[in-house]
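I opened this one up to see what the side chains are doing. These are my notes, in the order I looked things up.

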Amino acid sequence: MVSKTSKPLGLRIKRHWLEEIVAGRKKIEYRDFTEHYIARFATIEDVEGGQNVTVREDIKFLRLYVSSKEYVIVQRRKIDIDNASENSDDWTFNLHIGKIIEDKSKARLKSTPKARKGERP
């Protein structure tokens with residue numbers, strides 16, 4: 001049986017990538033396939049008649065090197081496990097990012113520069 005927990009998964013991220021998520025340009029976050037992340041993304045409990053798997057539905061990206069007051073909570077669409085290349089043992093988690101649920105970041109959307117007077121855009 002698979003169930004979902006309401007507490008978001010907290011992950012630290014650099015300011016640049018946080019800004020890219022807020023701007024909607026970053027759709028996938030990659031993490032190494034390690035025991036640390038395996039334990040953080042889902043918990044598996046043995047119960048009578050099988051296993052109970054609990055997965056995190058939302059992801060809370062906290063900006064690296066600052067207080068946890070600056071963050072973005074996004075909906076997790078899905079998690080894939082992928083190999084970088086066929087000749088490598090480097091596996092990664094691919095976290096597919098959905099819509100932004102809560103934005104408490106100071107990330108500013110970078111807009112295109114305005115045309116000067118008399119110039120064509």
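The entries below go from the overall layout to the pocket, the surface and the charged pairs.

**Entry 1: layout**

I kept in mind from the start that this is a predicted model. I went to the secondary structure before anything else and got two helices and eight strands for the protein chain. Reading along the sequence, I wrote the pattern down as β-β-α-β-α-β-β-β-β-β. Then I checked burial: the chain has 121 residues, and 31% of them count as buried.

**Entry 2: the largest pocket**

How much space lies in the largest pocket? I got about 200 Å³. Ten residues line this pocket, and I noted the ones closest to its centre: I38, F41, A42, I79 and F93. Next I asked which elements supply the lining. At least two residues each come from α2, β4 (42-47) and β7. The biggest contributor is β7, which gives three residues.

What is the chemical make-up of the lining? My tally has nine nonpolar residues, one charged and no polar ones.

**Entry 3: I38 and the surface patch**

I stayed with I38, since the name came up again when I turned to the surface. This residue sits in helix α2, which covers residues 35-41. Is I38 buried, partly exposed or exposed? Its relative accessibility is 32%, so I put it down as partly exposed. For the reasoning I needed the patch cut-off: members must have over 30% relative accessible area, so a residue at 32% can pass that test. And I38 is indeed listed in a nonpolar surface patch, together with F33, I81 and W91. The patch comes to about 350 Å². So I have I38 down twice: as part of the patch, and among the lining residues closest to the centre of the largest pocket.

**Entry 4: V66**

Where does V66 lie? I found it in the loop that runs between β6 (58-63) and β7 (71-83). V66 has 29% relative accessibility, so it goes in my notes as partly exposed. I also looked up how V66 stands to K14: the two are 52 residues apart in sequence, while their C-alpha atoms are 9.9 Å apart in space.

**Entry 5: salt bridges**

Side chains of opposite charge can pair when their charged atoms come close. I counted five salt bridges here, and I wrote up some of them.

One of them joins E20 and R25, with 3.0 Å between the closest N and O atoms. The burial of the two partners is worth a line. E20 is at 16% relative accessibility, which makes it buried. R25 is at 47%, which makes it partly exposed.

Then I looked at E29. This residue meets K26 in a salt bridge at 3.3 Å, N to O. E29 also pairs with R31, where the closest N and O atoms are 3.0 Å apart. Are these three buried or exposed? I checked each against the cut-off for buried, under 20% relative accessible area. E29 is at 8%, so it is buried. R31 is at 10%, so it is buried. K26 is at 13%, so it is buried. Shared partners join K26, E29 and R31 into one network of salt bridges.

Methods:
Residues are numbered from 1 along each chain as its sequence is written. This is a predicted model: local features need pLDDT of at least 70, side-chain atom pairs count only at pLDDT 80 or more; totals for chains, interfaces and linings use all residues. Side-chain values use heavy atoms; hydrogens and water are left out. Patches are made of residues with over 30% relative accessible area and no salt bridge: like charges are joined within 9 Å, nonpolar side chains (Val, Leu, Ile, Met, Phe, Trp, Tyr) within 5 Å. Accessible areas come from the Shrake-Rupley method with a 1.4 Å probe; for residues, only the protein chains shown count as cover. A salt bridge is a side-chain nitrogen of Lys or Arg within 4 Å of a carboxyl oxygen of Asp or Glu. Helices (H or I, at least four residues) and strands (E, at least two) are DSSP runs, numbered from the N terminus. Buried means under 20% relative accessible area, exposed over 50%, partly exposed in between (1.4 Å probe, protein chains only). On a 1 Å grid over the protein atoms alone, a cavity is a set of points where a 1.4 Å probe fits but cannot get out, and a pocket is an open set with protein on both sides within 12 Å along at least five of seven lines; lining residues have an atom within 4 Å of a point. Grid points are joined across faces, edges and corners, and a volume is the space filled by probe spheres set on the points. Ala, Val, Leu, Ile, Met, Phe, Trp, Tyr, Cys and Pro count as nonpolar, Asp, Glu, Lys and Arg as charged, and the others, Gly among them, as polar.
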